[in-house]
Amino acid sequence: MYKIHTIDLHFQSEKHSIGAFLIETAKGPILIETGPESTWEYLDKGIQKIGYEIKDIQHVFLTHIHFDHAGAAWKLAQNGAKIYVHPIGIPHLANPEKLWNSAKMIYTDKMELLWGKMESIPEQQLIGVTDGDVVDLGDVQIKVWYTPGHAVHHNAYQIDDVIFTGDVAGVKIGDGPVVPPCPPPDINIELWKQSLKKLKDLKPRALYLTHFDLQKNPDELLSGLEIVLDDWVSFIKPFYDNQTPPESIVPQFMEYTRKQFLDKGLNAEEIQTYEFANPSWMSVNGLLRYWKLKEQGRI
Ligand SMILES: [Zn+2]
């Protein structure tokens with residue numbers, strides 16, 4: 001019988017911010033998500049603690065190509081792993097310069113500190129998987145569900161009645177509320193809601209969130225996320241309409257979400273962990289871009 005392990009990657013020395021999942025199958029251990037290259041040491045240690053070495057991992061599934069999910073995939077590829085990802089993500093992993101440089105415009109000199117580094121993955125090790133595909137690993141069948149909305153290159157992966165949801169089912173840390181990570185460039189609220197419905201209709205018993213870990217009330221979580229998604233996107237709209245610059249929206253957005261977190265009983269440290277896993281300034285920029293594309297008729 002296969003077994004699922006969660007590895008805490010201690011991103012920025014914070015617990016429960018970014019996870020990766022190791023699944024022991026009849027065909028050896030596989031990974032879902034790798035975390036960024038900056039947390040490689042924790043991934044390596046986590047794999048060893050379960051009783052394996054990096055080179056034992058021959059199959060790696062990425063929910064999408066954002067650095068906090070996929071940034072270390074190239075190192076696993078160097079050790080021989082096949083990397084499964086939505087086809088839209090393949091060119092970016094094969095030639096990561098463009099992805100890296102556009103992120104660098106946002107993160108400037110913090111790039112290496114946050115994400116480490118990224119090298120290209122040979123195309124023959126990149127396997128495109130999308131909606132309805134099934135990858136057979138002996139006693140484990142991985143069903144692939146295309147779930148855009150957070151990112152255009154986003155898949156969720158199902159094993160029996162549990163689903164690994166990457167970012168599409170939101171961020172929920174400890175007993176805190178579920179919130180939507182909304183970084184630019186491809187936030188699409190309409191597609192996101194369709195993806196949430198798709199996940200609900202699969203009637204999973206549990207979800208594994210990359211940020212962070214096992215959730216046993218999928219229906220409640222997915223419905224809760226839709227409410228916060230609507231709330232956040234409506235909060236940003238008036239700022240978009242009156243062309244407030246993002247840097248003056250961020251403190252107001254942070255104050256607004258801080259109140260929501262305090263209402264749910266979170267303390268300052270817990271709010272900080274949410275901020276690491278899901279930075280407010282990213283969500284402000286992502287939601288502004290959503291409104292812009294919507295106004296231009298591109299969504
Ligand atoms: Zn993401």
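In this predicted model, strands β8 and β9 run antiparallel and are joined by four bridges. Within this pairing, Trp 145 finds its bridge partner in β9, namely Ala 156. On the other side of the chain order, strand β7 (residues 134–137) is also joined to β8 by four bridges, and these two strands run antiparallel as well. Here Asp 136 stands opposite Gln 141 of β8. The hairpin of β7 and β8 has two residues between the strands, and in this hairpin Gly 138 adopts a positive phi near 80 degrees.

The loop that follows β8 brings the description to the metal site. The zinc ion has four protein donors, His 64 through NE2, His 66 through ND1, His 150 through NE2 and Asp 167 through OD, which lie 2.2 Å from the ion. Along the chain these donors follow the spacing H-x1-H-x83-H-x16-D. Two of them show how the site links distant parts of the chain: His 66 sits in the loop between β4 (59–61) and α2 (67–70), while His 150 sits in the loop between β8 (140–146) and β9 (155–159), 84 residues apart. Both His 66 and His 150 are buried. The angles among the four donor atoms run from 85 to 176 degrees, and the site is classed as irregular. The upper end of that range explains the label, because four donors count as tetrahedral only if all angles lie between 85 and 135 degrees. A reader looking at the site should also keep in mind that it may look incomplete, because water is not among the atoms.

Turning to the sheet, six strands form an open arrangement in the order β1-β2-β3-β4-β5-β6, with mixed pairing. The edges are taken by β1 (3–8) and β6 (126–128); each has a single partner strand, so one side of each is left without a neighbour in the sheet. From one strand to the next, the twist averages 25 degrees. The pairing at the β6 edge can be followed in some detail: strand β5 (residues 82–85) and β6 run parallel and are joined by three bridges. In this pair, Tyr 84 has Ile 127 of β6 as its bridge partner.

The UniProt record, an unreviewed entry, carries the annotation "domain: Metallo-beta-lactamase" over residues 17–211. Across this stretch the chain is 28% helix and 23% strand, and the C-alpha atoms at its two ends are 5 Å apart.

Helix α7 (residues 189–201) offers two residues with contrasting surroundings, one of them being Asp 201. Asp 201 is partly exposed, since its relative accessible area is 48%. Its side chain makes a polar contact of 2.7 Å with the side chain of Lys 197. From Asp 201 to Ile 106 the C-alpha distance is 36 Å, with their positions 95 residues apart in sequence. Trp 192 also has its place in helix α7. In this case the relative accessible area is 0%, so Trp 192 is buried. The C-alpha atoms of Trp 192 and Glu 226 are separated by 8.8 Å, although the two residues are 34 residues apart along the chain.

Some backbone details deserve a look as well. Pro 184 and Pro 185 are joined by a cis peptide bond with an omega of about 10 degrees. Pro 185 belongs to the loop between β10 (162–164) and α7. Another cis peptide bond leads from His 211 to Phe 212, with omega near 0 degrees. Phe 212 lies in the loop between β11 (206–209) and β12 (213–215). In strand β12 is Asp 213, a residue other than glycine whose phi has a positive value near 80 degrees. Asp 213 counts as partly exposed because its relative accessibility is 22%, where buried would mean under 20%.

His 16 is likewise not a glycine, yet has a positive phi of about 60 degrees. His 16 is located in the loop between β1 and β2 (19–25). With a relative accessible area of 37%, His 16 is partly exposed.

Terms used:
Residues are numbered from 1 along each chain as its sequence is written. This is a predicted model: local features need pLDDT of at least 70, side-chain atom pairs count only at pLDDT 80 or more; totals for chains, interfaces and linings use all residues. Side-chain values use heavy atoms; hydrogens and water are left out. Donors are N, O and S atoms within 2.8 Å of the metal (3.2 Å for Na, K and Ca); water is not among the atoms, so sites may look incomplete. Four donors count as tetrahedral if all angles lie between 85 and 135 degrees; four count as square planar and six as octahedral if opposite donors are over 155 degrees apart and all others between 65 and 115; anything else is irregular. Buried means under 20% relative accessible area, exposed over 50%, partly exposed in between (1.4 Å probe, protein chains only). UniProt positions are given in the numbering used here, feature names are shortened, and annotations may be inferred rather than shown by experiment. A polar contact is a pair of N or O atoms within 3.5 Å; within protein, one must be able to donate a hydrogen and the other to accept it, and residues adjacent in sequence count only if both atoms are side-chain atoms. Two strands pair if DSSP finds at least two bridges between them. Axes are lines fitted to C-alpha atoms, for helices over the stretch in contact, and angles run from 0 to 180 degrees between N-to-C directions.
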